[in-house]
Amino acid sequence: MNVVVAGLMLLSSADPGGGGGDVEVRTSQEKNSVGVTLKNSRIVLSGNGRGGKSDGYRLKRPCWYEPAQNAEEMLDFQRWVTRVDLYDPKTRAENLKKFQEKLGEEGRWWTIAHNSSDPNGLSCQLATDSYVFVPPNTTPPGGITLQELIDIARAALTVPEPKVMLNPDARSYVNLPTWVWLDGVGEPIRSVTATLPGVMSATVTAELKNIEIDSGTTDSGASGDRAKKVQEGCGPTGKPYAKGEKFTCGVTYLRASADQPRDVYTLTVTSVWEVGVQAAVVPFAYDPIQVSATRDVEVGEVQSTVRGSG
């Protein structure tokens, strides 16, 4: 029987099947040197939280064992792997010996997998036996745990890269409110499920909670001599400009940008995603995912001409 606990599924100890093959799942994102690339793994990643921007979360352990076939199934698999056209008879016999010795024993082979996005992933795998046979209902040293499976889902979790929208868009002016919001965010809740077929499954979610605005000035706090930030009504994605609506999310620049590098302020908007684990089995806590995007804001001054009378 399969048991579901608060979104986390602990599967029955049915035969995992398959295994021992080379299954590769890629979730690393460009612009990030660290993500997760599962090599020689049977773990399946799914959900709408893939294909966005990774924050570079790194797994704590670069390699681990996963349950594979029983003794008879593994021997059949190894006979196929070491078929005559690839190995000479002597080498083939030597490679099959340890698998033949386990025939008739109860238990299961576990195979090594690694995260090839980690610079230590491959070396960790090469320094470890590729196959370990263990008795029923036993996890070998280095065997994957529920916490590590959750961690893999967390490492694979990505969020959309925000696109900053402004009004005024092309150019703002001193003392004129600049409205700020995000576009293209999509679903405000994103999730990744990591499943080790027939063994266990875990889901990690990210929920967009709020945005943080940096005006790009040297001022600190909500106001200063160059800019005043307004964020009491931003919500998760900011507030798009609407004629007649109250200005509650954005920046009012108090000085022109003419004396700044490139004559602009660099405004930064950071989307903050709260991370949670859909499970109450053991406590887990992750820092929020924060992804930033910038916009150049040119701020000018409205020139007025005063004409004397007469």
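In this predicted model, C234 counts as buried, because its relative accessibility is 6% and the cut-off for burial lies under 20%. The partner of C234 is C249, to which a disulfide joins it, with 2.0 Å from S to S. Both cysteines belong to the loop between strand 14 (227-230) and strand 15 (250-253), so their pairing ties together parts that are 15 residues apart in sequence. C249 also counts as buried, because its relative accessibility is 0%. The geometry of the link can be described as well: the angle about the S-S bond is 95 degrees, and the link of C234 and C249 is right-handed.

A further disulfide is formed by C63 and C124, whose sulfur atoms are 1.8 Å apart. Here C63 lies in strand 6 (residues 63-67), while C124 lies in helix 3 (residues 121-126), so this pair ties together parts that are 61 residues apart in sequence. The link of C63 and C124 is left-handed, with -50 degrees about the S-S bond. As for its surroundings, C63 counts as buried, because its relative accessibility is 6%.

How many disulfides does the count come to? A disulfide is recognised where two cysteine sulfur atoms lie within 2.5 Å, and by this rule the count comes to 2 disulfides. When the bonded cysteines of the chain are numbered in sequence order, the pairing reads 1-2, 3-4. In the structure, the reader may thus locate the link between C63 in strand 6 and C124 in helix 3, and then the link between C234 and C249 in the loop between strand 14 and strand 15.

Conventions
Residues numbered from 1 in each chain as written. Predicted model: local features only at pLDDT ≥ 70, side-chain atom pairs only at ≥ 80, totals over all residues. Heavy atoms only, no water. Helix = DSSP H or I, 4+ residues; strand = E, 2+ residues; numbered from the N terminus. Buried < 20%, exposed > 50% of the residue type's maximum accessible area, 1.4 Å probe, protein only.
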